[in-house]
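User: I should like to learn how to read a structure of this kind, one feature at a time. Could we begin with the contact between chains and then move on to other features?

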There are 2 protein chains.
Amino acid sequence: MAKTAALPPIVHPAQDEITVEGVLRALADPVRLGIVRQLAAADRELACGALTVPVTKSTITHHLSILRQAGVVTGRQEGTTRFNSLRRNDLDALFPGLLDGVLAAPR
Amino acid sequence: MAKTAALPPIVHPAQDEITVEGVLRALADPVRLGIVRQLAAADRELACGALTVPVTKSTITHHLSILRQAGVVTGRQEGTTRFNSLRRNDLDALFPGLLDGVLAAPR
DNA sequence: CGACAATTTCGATCGGCGTCGTACAATGGA
DNA sequence: TCCATTGTACGACGCCGATCGAAATTGTCG
């Protein structure tokens, strides 16, 4: 069989498809906020398994799906692992200061 | 009878009680986001009745309560009307750029 | 005092979302 | 080839929150 990319074709919204409400909803969850914080702190792409979160794998998948659909993170497939990274450029362009404000939060 | 402050003593979190997650949750709702946008655009305090939202009055009360508890707005009682305003200073101090980023959102 | 206006409170409903467990798919090595 | 690893898909469950209507509270005005 030909090597037909069989894995789910990760869908990402274009920059102009990102809405502020979607981003806010995505960030308004402790687990997802933790993921975003880790991605921002690492300043590089991280695999699902490299994330420290207090939930099951399937739940991580769910949260990453939401973050991706909201346009907060991107996913890159490599083998069986999927690397995620923050869409910092797009977010900064659309909502300047938002992400920094969130990350700068003392709590 | 003494003027026993019978009206609910509007509770507001101190600045250091405000959490970024609380603020994000508060903003992650279309109705509340609309309220915040109107307050920001008006740049002054507005009464509940002066807000243009597609919900019932009792629901407005509910949303304003959440916005208040999150530390996003303050309420000032005057007669039977309650005036609400953005806590812009506190929010800017805690999460610099967050509010501006949200308000600058094209959508 | 009595009627009206502005909001809150209460109770109820209803949909959505976070969570898990299990089963499944794909990749890469022993 | 077989298996371990990595992540996704699916179904189910429980809870929180958005919404409404009706009743209650408070203040103002005639």
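Analyst: The discussion below takes up the chain contact, the salt bridges and the surroundings of a DNA strand. Please keep in mind that this is a predicted model.

User: How many residues does each chain bring to the contact between chain A and chain B?

Analyst: One begins by listing the residues on either side. Here chain A supplies 24 residues and chain B supplies 24 residues. One then turns to the area: about 1,900 Å² is buried between chain A and chain B, and carbon and sulfur atoms give 67% of that area.

User: Which elements of chain A give two or more residues to the side that touches chain B?

Analyst: These are α1 (20-27), α2 (30-42) and α5 (98-103) of chain A. The largest share comes from α1(A), with 5 residues. Sorted by class, this side of chain A holds 14 nonpolar, 3 polar and 7 charged residues.

User: How many salt bridges and how many polar contacts cross this interface?

Analyst: These two kinds of link are counted separately. Between chain A and chain B there are 0 salt bridges. Polar contacts across the interface of these chains, in contrast, amount to 6 residue pairs, with both residues at pLDDT 80 or more.

User: How many salt bridges are found over all chains?

Analyst: The search of the whole structure gives 8. One of them joins A:E45 to A:R76, with the closest N and O atoms 2.3 Å apart. A:E45 sits in the loop between α2 and β1 (46-47) of chain A, and A:R76 in strand β2 (residues 73-78), so this pair ties together parts that are 31 residues apart in sequence.

User: Why do A:E45 and A:R76 count as partly exposed?

Analyst: The class follows from relative accessibility: partly exposed lies between 20% and 50%. A:E45 counts as partly exposed because its value is 27%, and A:R76 does so because its value is 34%.

User: What is the corresponding reading for B:E45 and B:R76?

Analyst: B:E45 and B:R76 form a salt bridge whose closest N and O atoms are 2.3 Å apart. This pair links distant parts of the chain, with B:E45 in the loop between α2 (30-42) and β1 (46-47) of chain B and B:R76 in strand β2 (residues 73-78), 31 residues apart. B:E45 is partly exposed at 28% relative accessibility, and B:R76 is partly exposed at 33%. Salt bridges can also share partners: A:E45, A:R76 and A:E78 are joined in this way into one network.

User: Is A:R87, which forms a salt bridge with A:D90, buried or exposed?

Analyst: A:R87 counts as buried, because its relative accessibility is 9%. In its salt bridge with A:D90, the closest N and O atoms are 2.9 Å apart.

User: Which residues are closest to DNA strand C?

Analyst: Of the 25 residues that surround the strand, the closest are A:R32, A:T56, A:H63, A:T80 and B:T61. This surface has 8 nonpolar, 12 polar and 5 charged residues. The most, 5 residues, comes from α3(A).

User: Which parts of DNA strand C lie within 4 Å of the protein?

Analyst: One divides the strand's atoms into sugar or phosphate and bases. Of the atoms of DNA strand C within 4 Å of the protein, 71% belong to sugar or phosphate and the rest to bases. Individual side chains illustrate each part. An N or O atom in the side chain of A:S58 is 3.1 Å from a base oxygen. For A:T59, such a side-chain atom is 3.2 Å from a phosphate oxygen, and for B:T80 the distance to a sugar or linking oxygen is 3.3 Å.

Methods:
Residues are numbered from 1 along each chain as its sequence is written. Chains are lettered from A and ligands numbered from 1 in the order in which they are written. This is a predicted model: local features need pLDDT of at least 70, side-chain atom pairs count only at pLDDT 80 or more; totals for chains, interfaces and linings use all residues. Side-chain values use heavy atoms; hydrogens and water are left out. Contact means heavy atoms within 4.5 Å. Buried area is the accessible area (1.4 Å probe) that two parts lose on being put together, summed over both. A salt bridge is a side-chain nitrogen of Lys or Arg within 4 Å of a carboxyl oxygen of Asp or Glu. A polar contact is a pair of N or O atoms within 3.5 Å; within protein, one must be able to donate a hydrogen and the other to accept it, and residues adjacent in sequence count only if both atoms are side-chain atoms. Helices (H or I, at least four residues) and strands (E, at least two) are DSSP runs, numbered from the N terminus. Ala, Val, Leu, Ile, Met, Phe, Trp, Tyr, Cys and Pro count as nonpolar, Asp, Glu, Lys and Arg as charged, and the others, Gly among them, as polar. Buried means under 20% relative accessible area, exposed over 50%, partly exposed in between (1.4 Å probe, protein chains only). A residue is near a molecule or strand if one of its heavy atoms lies within 4 Å of it.
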